[in-house]
Amino acid sequence: GPQGWRFRLGSTAHSVDLPATWTGAIGWRQQTDDRAWEAQGFRRAIQESRLAATGWRDPAGGQPWGRVLGQGVRIEGNMAWPTPGQRIGAEWLWERLSGVNVASNTHRSVDFSWMHDGSLPSMRWAAVGPYITFEQYGRRLSDYHWGHGGYFSPQRLLSSGIRAAWQTREPHAWVLAGQAQVGWQTLREDAAPCFALPPPITPGPCEGLSASRNAGWTGSLALQGAWRLDPRWALVGSVLLRSAPSYREHSWTLGLRYHWAPRGPIVGQDLPAPLR
């Protein structure tokens, strides 16, 4: 429907070193012909490395650490402006990141975009336009020594460029949506100590992370899809590819969804959430 609550409940990956814990989100979404917005509270797993996703055990002291969670708020919306066929959008996010024997951290980001609606064959909608994104972490915890979380955490990341987004027609036997962007990025990472928390045993010599700055081209591609297998079963999946001067990232998901009641063709709301 045009408005209502959304819920999601899940779990982190399980490992022999740390037990799994719950993840989830609750949010309210409202949509009209010329605007849409959503506010969401969430608890998500950080999955950029094995240390962040599942944790492991310190080979020297035997104690586990890792399995980082982000808990926070996301607000996003878009509206037609200044003329029909043009749309502005914004997203704001704040979260606190913490893990087992991992130093706590804060993460905030804001994104603005202006999109011009286009018309393409077989598309329900398509749009292209400029964007600008700012992202900041309180501490650099990207190392793999005690107290670090093993996740990308720059103290300043600024990116701007061109973004395109689209969704195929609906209702249909399958629906595919995507977003691609290319732009220029500047990045600053502060120096960080070797151990972000006091280690459980007396450590030997250890060199921390040096401060760094870089700039260069960045690009990403995100896809979400849903395929109707029969009235009760659907196949869903998502892909994320991201490249920047200081890192490369690729991830994908594949799932089988069961509907409690028989369903007709697939619509856009059946798509899985995009990977972030």
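Which backbone oxygen does the side chain of Thr218 reach? The side chain of Thr218 reaches that of Ser243, at 3.0 Å. The legends below start with the whole chain and then turn to single residues.

The model is predicted, so local features need pLDDT of at least 70 and side-chain atom pairs count only at pLDDT 80 or more, while totals for chains, interfaces and linings use all residues. Residues are numbered from 1 along each chain as its sequence is written, and side-chain values use heavy atoms, with hydrogens and water left out.

**Figure 1. The whole protein, with one helix and 13 strands.** Helices (H or I, at least four residues) and strands (E, at least two) are DSSP runs, numbered from the N terminus. Along the sequence the pattern is β-β-β-α-β-β-β-β-β-β-β-β-β-β. The radius of gyration of the protein is 21 Å, close to the 19 Å that the globule rule gives for 276 residues, so the protein is as compact as a globular protein of that length. This radius is taken over C-alpha atoms, and the globule rule is 2.2 Å times the number of residues to the power 0.38. Along the principal axes, the C-alpha atoms fill a box of roughly 65 × 45 × 25 Å. Of the 276 residues, 39% are buried; buried means under 20% relative accessible area, exposed over 50%, and partly exposed in between (1.4 Å probe, protein chains only). Contact means heavy atoms within 4.5 Å. Among contacts between residues at least 6 apart in sequence, 58% join residues at least 24 apart.

**Figure 2. Close-up of Thr218 in strand S11 (residues 212-228).** Thr218 is buried, with a relative accessible area of 10%. Its side chain lies 3.0 Å from the backbone oxygen of Ser243. Ser243 is also one of the residues in contact with Thr218 when neighbours within four places in sequence are left aside. The others in that list are Tyr131, Ser159, Gln181, Val182, Gly183, Trp184, Gln185 and Ala244.

**Figure 3. Close-up of Gly237 in strand S12 (residues 233-244).** The relative accessible area of Gly237 is 9%, so this residue counts as buried. Not counting residues up to four places away in sequence, Gly237 touches Leu223, Gln224, Gly225, Trp227, Thr253, Leu254 and Pro272. Gly237 and Leu176 are 61 residues apart along the chain, and their C-alpha atoms are separated by 9.7 Å.

**Figure 4. Close-ups of two cis peptide bonds, Trp81 to Pro82 and Glu170 to Pro171.** Omega is about -5 degrees for the bond that joins Trp81 and Pro82. Pro82 sits in the loop between strand S5 (64-80) and strand S6 (86-100). For the bond from Glu170 to Pro171, omega is near -10 degrees. Pro171 belongs to the loop between strand S9 (156-168) and strand S10 (174-189).

**Figure 5. Close-ups of Arg67 and Asn101, residues other than glycine with positive phi.** Where is Arg67 found? Arg67 is in strand S5, and its phi is near 50 degrees. At 13% relative accessibility, Arg67 counts as buried. Asn101 has phi near 55 degrees and lies in the loop between S6 and strand S7 (102-118). With a relative accessible area of 30%, Asn101 is partly exposed.

Note on methods
A polar contact is a pair of N or O atoms within 3.5 Å; within protein, one must be able to donate a hydrogen and the other to accept it, and residues adjacent in sequence count only if both atoms are side-chain atoms.
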